[in-house]
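Dear colleague,

I am passing on the structure below, together with some notes on what came out of it. Could you read through them when you have time and tell me where you would like more detail?

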Amino acid sequence: MASQATRIFMAYLESKEMKVQILDDETNLIALGLGLNNTQLRLFIRFGDDDSDVHLEGREFARIPSEQAGKALEICNSLNDAYRWVKFVWEENGDLACRCDGVIQLDSCAEETYELLARMAGIVDDAYPEIMKKLWA
């Protein structure tokens, strides 16, 4: 059964008419897609077992081929220096991912998690042109 924070946050997103899906009741894993100005973001959200923390992971917004691993790492280092709320990670399958964690309180978990979601989306949208510029320069 989904945790209390998971249920609260899903209701909050549904009130904003955002399509959200629970992927796994046991692990409290939620997924949603966001159309941004420069790219699209697939977002996965997981609340901790005690509803006091949340992990957000953004995927599918950029791919960097494995033959450009050196550039991928340079891009991640540059982005991690430029942005403080999100860390960027390149995975060997070519996916560029972004992650953030937050400490939450149950009575305000929906607003706090939504703020993290919005920050992540804004950072990814802002960083995307720079990612492409550095990748293809």
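Glu91 has a relative accessibility of 17% and therefore counts as buried, where buried means under 20% relative accessible area, exposed means over 50%, and partly exposed lies in between (1.4 Å probe, protein chains only). Its partner is Arg99, and the two form a salt bridge in which the closest N and O atoms are 2.9 Å apart; the term stands for a side-chain nitrogen of Lys or Arg within 4 Å of a carboxyl oxygen of Asp or Glu. Through salt bridges that share partners, Glu57, Arg59, Arg63, Glu91, Asp95 and Arg99 are joined into one network.

Before going further, please note that this is a predicted model, in which local features need pLDDT of at least 70 and side-chain atom pairs count only at pLDDT 80 or more, while totals for chains, interfaces and linings use all residues. Residues are numbered from 1 along each chain as its sequence is written, and side-chain values use heavy atoms, with hydrogens and water left out.

Returning to the network, Arg99 also forms a salt bridge with Glu57, with 3.3 Å between the closest N and O atoms. Because Glu57 lies in strand β4 and Arg99 in strand β6 (residues 96-103), this pair ties together parts that are 42 residues apart in sequence; helices (H or I, at least four residues) and strands (E, at least two) are DSSP runs, numbered from the N terminus. Both Glu57 and Arg99 are buried. A further salt bridge brings together the side chains of Arg59 and Asp95, at 3.7 Å from N to O, and this pair likewise links distant parts of the chain, with Arg59 in strand β4 and Asp95 in the loop between β5 (87-90) and β6, 36 residues apart. Arg59 and Asp95 are buried as well. By the rule given above, the count comes to 8 salt bridges.

As for the chain as a whole, there are 3 helices and 6 strands, and along the sequence they follow the pattern α-β-β-β-β-α-β-β-α. The chain has a radius of gyration of 15 Å, which agrees with the value near 14 Å that a compact globule of 137 residues would have; the radius is taken over C-alpha atoms, and the globule rule is 2.2 Å times the number of residues to the power 0.38. Taken along the principal axes, the C-alpha atoms fill a box of roughly 45 × 25 × 25 Å, and buried residues make up 46% of the 137 residues.

Two backbone positions may deserve your attention. Glu17, in the loop between α1 (4-15) and β1 (21-24), has a positive phi of about 60° although it is not a glycine, and at 75% relative accessibility Glu17 counts as exposed. Asn28, in the loop between β1 and β2 (29-35), also has a positive phi, near 60°, but Asn28 is buried, with a relative accessible area of 4%.

Finally, on the surface, Asp49, Asp50, Asp53 and Asp101 gather in a patch of negative charge; patches are made of residues with over 30% relative accessible area and no salt bridge, like charges being joined within 9 Å and nonpolar side chains (Val, Leu, Ile, Met, Phe, Trp, Tyr) within 5 Å. Among these residues, Asp50 sits in the loop between β3 (40-47) and β4 (53-59) and is exposed, with a relative accessible area of 55%.

With best wishes

Conventions
Accessible areas come from the Shrake-Rupley method with a 1.4 Å probe; for residues, only the protein chains shown count as cover. Lys and Arg count as positive and Asp and Glu as negative; His and the chain ends are not counted. The place of a charge is taken as NZ of Lys, CZ of Arg, CG of Asp or CD of Glu.
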